[in-house]
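Subject: Structure handover

Hello,

Here is the structure we spoke about, with the sequence. My notes on what was found follow below.

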Amino acid sequence: GATVAEGCRKHGMSSATFYAWKAKYGGMDVSEAKRLRALEDENARLKRLYADAMLDNAGLKELVAKKW
């Protein structure tokens, strides 16, 4: 029965971080939390790929516009 503040102090994190994690991962099992993390990582990777593709597309449009 330690308090949240004691546990946070022991692990070197703020109580706000604890409550944010609790809100996000509160009712999940470990496997569900790992799956969520994997999906978030994949989503971030896809967003980077999309941003790169849009940048390439904009560059090609500028190149074509300059030729005309």
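Buried residues account for 1% of the 68 residues in the chain. Please keep in mind that this is a predicted model; every value in this email is computed from it.

Overall form

The chain contains three helices and zero strands, so read from the N terminus its order of elements is α-α-α. The radius of gyration is 22 Å, whereas a compact globule of 68 residues would have one near 11 Å. Along the principal axes, the C-alpha atoms occupy a box of roughly 75 × 25 × 15 Å.

Surface and charge

The accessible surface of the chain is about 6100 Å², and carbon and sulfur atoms contribute 60% of that. On the charge side, the chain carries 13 positive and 9 negative charges, and the mean positions of the two sets lie 2 Å apart.

Salt bridges

Side chains of opposite charge can pair when their charged atoms come close. Searching the whole structure gives three salt bridges. Here they are in turn.

Glu40 pairs with Lys24, with 3.1 Å between the closest N and O atoms. This pair connects distant parts of the chain: Glu40 sits in helix α3 (residues 30-67) and Lys24 in helix α2 (residues 15-25), 16 residues apart. Glu40 has a relative accessibility of 27% and therefore counts as partly exposed. Lys24 is also partly exposed, at a relative accessible area of 40%.

Arg37 and Asp41 make another salt bridge, and their closest N and O atoms are 3.7 Å apart. Both residues belong to helix α3, where four residues, or about one turn of the helix, separate them. Arg37 has a relative accessible area of 48%, which makes it partly exposed. For Asp41 the relative accessibility is 40%, again partly exposed.

The remaining salt bridge joins the side chains of Arg45 and Glu42, at 2.9 Å from N to O. Why are Arg45 and Glu42 separated by about one helical turn? Because they are three residues apart in helix α3. Arg45 is partly exposed at 37% relative accessibility, and Glu42 is partly exposed with a relative accessible area of 35%.

As for where the bridge residues fall between buried and exposed, the limits are under 20% for buried and over 50% for exposed. Arg37, at 48%, is partly exposed because exposed begins over 50%. Glu40, at 27%, is partly exposed because buried means under 20%.

Aromatic contact

The search of the whole structure returns one aromatic pair. It consists of Phe18 and Tyr19 in an edge-to-face arrangement, with 5.1 Å from centre to centre and 75 degrees between the planes. The pair counts as edge-to-face because its planes are over 60 degrees apart. Phe18 is partly exposed, with a relative accessibility of 28%. Tyr19 is partly exposed as well, at 45% relative accessibility.

To recap the contacts: the search found three salt bridges and one aromatic pair. The bridge between Glu40 and Lys24 runs from helix α3 to helix α2, while Arg37 and Asp41 are both within helix α3, as are Arg45 and Glu42.

Regards

Note on methods: Residues numbered from 1 in each chain as written. Predicted model: local features only at pLDDT ≥ 70, side-chain atom pairs only at ≥ 80, totals over all residues. Heavy atoms only, no water. Helix = DSSP H or I, 4+ residues; strand = E, 2+ residues; numbered from the N terminus. Rg over C-alpha atoms; globule rule 2.2 N^0.38 Å. Buried < 20%, exposed > 50% of the residue type's maximum accessible area, 1.4 Å probe, protein only. Areas by Shrake-Rupley, 256 points an atom, 1.4 Å probe, with all protein chains shown as cover. Lys, Arg positive; Asp, Glu negative; His and termini not counted. Charge placed at Lys NZ, Arg CZ, Asp CG, Glu CD. Salt bridge = Lys/Arg side-chain N within 4 Å of Asp/Glu carboxyl O. Phe/Tyr/Trp six-rings, centres within 6.5 Å; stacked < 30°, edge-to-face > 60°.
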